[in-house]
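Here's a quick tour for someone who hasn't met this structure before. Take a look, and then we'll walk through a few spots together.

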Amino acid sequence: MEKCSTASNRPEGAASACTMERLETRAMLAGNVTVAVLGGMLVITGDENDNGISLDAKSVNVGQITVRGDAGTSINGVYTPAYVSGLRNDVKVRLGGGDDSVRIGALRLPGHLSVDLDAGDDRIVLDSTSISGQLSIEGKQGQDTVDLINLTVGGEARISGGSDDDILTVQRCSFTRDFFLKSYSGHDSIAIFDSLIQGQTNNDADVNDLDSSADVLQARYTFRNGAQGWQAGFSDYPVGQESFYNLGSRIAELPDGVSRLGGTGYLVRGVNHSDDLFMFLKRRMTAADGIAADTDYEVRFTIVVASNAPTGSVGIGGSPGDSVYLKAGASQLDPANDGDTTRSSLNIDKGDQAVGGADVSLVGTIANGLTAAQAGDVPAYRSLRRRQVHTSRVTSDSSGRLSVVVGTDSGFEGRTALYYQRIDVTLVPLHTA
């Protein structure tokens, strides 16, 4: 067996499938995860504590997989990541008891991927990953959350839930072979959209239908009816330069061609001189909206927005469509600038441009599907419909309050003007925090 080793305990000149750098010791412990390689197969095993791990390709060497411990979880007894080389076979993850978290992002896996969540309130996120072989995810006791985003699976996919209230979300995924759901019971929430399943399905759950007995909150905000509590905001620009950046927002008549029936939308506009302008809408939701106190929620969005940014177009610093990133999320905090007197910056984590953050995750771009030639000299507006499940849970405060936010993070150094036509928000309660 090829064990992962640190630089301090590996014999000089010895090869290793995993190497580590020594980092600072963390104050809060969350168990230990063992990482090992056997015959080109990566095996990850957790203990009975609350384990958190993430796998990605963020390494100085091409072809390595980085396994990190999250929230204080140690890897092979130390608080350093393991860098795995030479993966030629399957990846097997087996976690023990406790409330565990697994995140796998931006990887190309050559074999099968199997994840055994065991007992506890567990979460797995697979994002922008290609799996050549089969995918198997097995949940047991506990309230499990499974998010599959931008996933490609070459083999059969089997997902099994346990006996408690589970959540499964599949968005923008492609399954070449069969896709099976099994044994979801309790007040489950299952949504599959914008995905391709080329093989057979044999699902024993109601796909795309939220269980009404799960106290799911659903709200639709159509800006034909005014702002309805939504407020516009701007960040990531020099304080005092609002006029130079041409920042503005209002309820306005929709542009020609967007709606045959006319009506209004929420116009948000700005010129991105800083190459990092974030323009957003936010709404504070409270107990009056049905928000329970001290409760974890999964937040889902349907966003209808009119954009005049063609696909594949070229502009200053980036594309007016392909370099302006639509994001959505939620936070216990009310999103606001942090009070810096020189440069405005949000008090929540929205990430940067194409990368999402803990509070605001990436939906896509505002490219409207028209080529520059089709758009003409005066690009026409076209309505886009985007659906998204925020990749992090949000916890309401003790008074039953949280905020939802939708916005654009721009890498295009020119003018962007969007008309938000509708924002639907669905909040699925997970458990009391």
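Lysine 140 is partly exposed, with 23% relative accessible area; partly exposed sits between buried, under 20%, and exposed, over 50% (1.4 Å probe, protein chains only). This is a predicted model, so local features need pLDDT of at least 70 and side-chain atom pairs count only at pLDDT 80 or more, while totals for chains, interfaces and linings use all residues. Residues are numbered from 1 along each chain as its sequence is written, and side-chain values use heavy atoms, leaving out hydrogens and water.

Lysine 140 has a salt-bridge partner, aspartate 116, with the closest N and O atoms 3.7 Å apart. A salt bridge here is a side-chain nitrogen of Lys or Arg within 4 Å of a carboxyl oxygen of Asp or Glu. Lysine 140 lies in the loop between β15 (135–139) and β16 (145–149) and aspartate 116 in strand β12, so the pair ties together parts that are 24 residues apart in sequence. Strands are DSSP runs (E, at least two residues), numbered from the N terminus. Aspartate 116 itself is buried, at 13%.

The count of salt bridges comes to 16. Here are three of them:

| Pair | N to O distance | Relative accessible area |
|---|---|---|
| Lysine 140, aspartate 116 | 3.7 Å | 23%, 13% |
| Arginine 68, aspartate 56 | 2.9 Å | 26%, 12% |
| Arginine 158, glutamate 156 | 2.6 Å | 33%, 22% |

Asp236, Lys327, Lys350 and Asp409 are also linked, in a salt-bridge network.

Now for the backbone. Asparagine 76 isn't a glycine, yet its phi is positive, about 50°; you'll find asparagine 76 in the loop between β7 (74–75) and β8 (82–84). Alanine 106 also has a positive phi, near 55°, and lies in the loop between β10 and β11. Is alanine 106 buried or exposed? At 53% relative accessibility, alanine 106 counts as exposed.

On to a sheet: 5 strands form an open one with parallel pairing, in the order β11-β14-β17-β20-β23. Two strands pair if DSSP finds at least two bridges between them. β11 and β23 are at the edges with a single partner strand each, so one side of each has no neighbour in the sheet. Further in, β14 and β17 run parallel, joined by 2 bridges, and isoleucine 131 stands opposite valine 153 in β17.

Note on methods:
Helix = DSSP H or I, 4+ residues; strand = E, 2+ residues; numbered from the N terminus.
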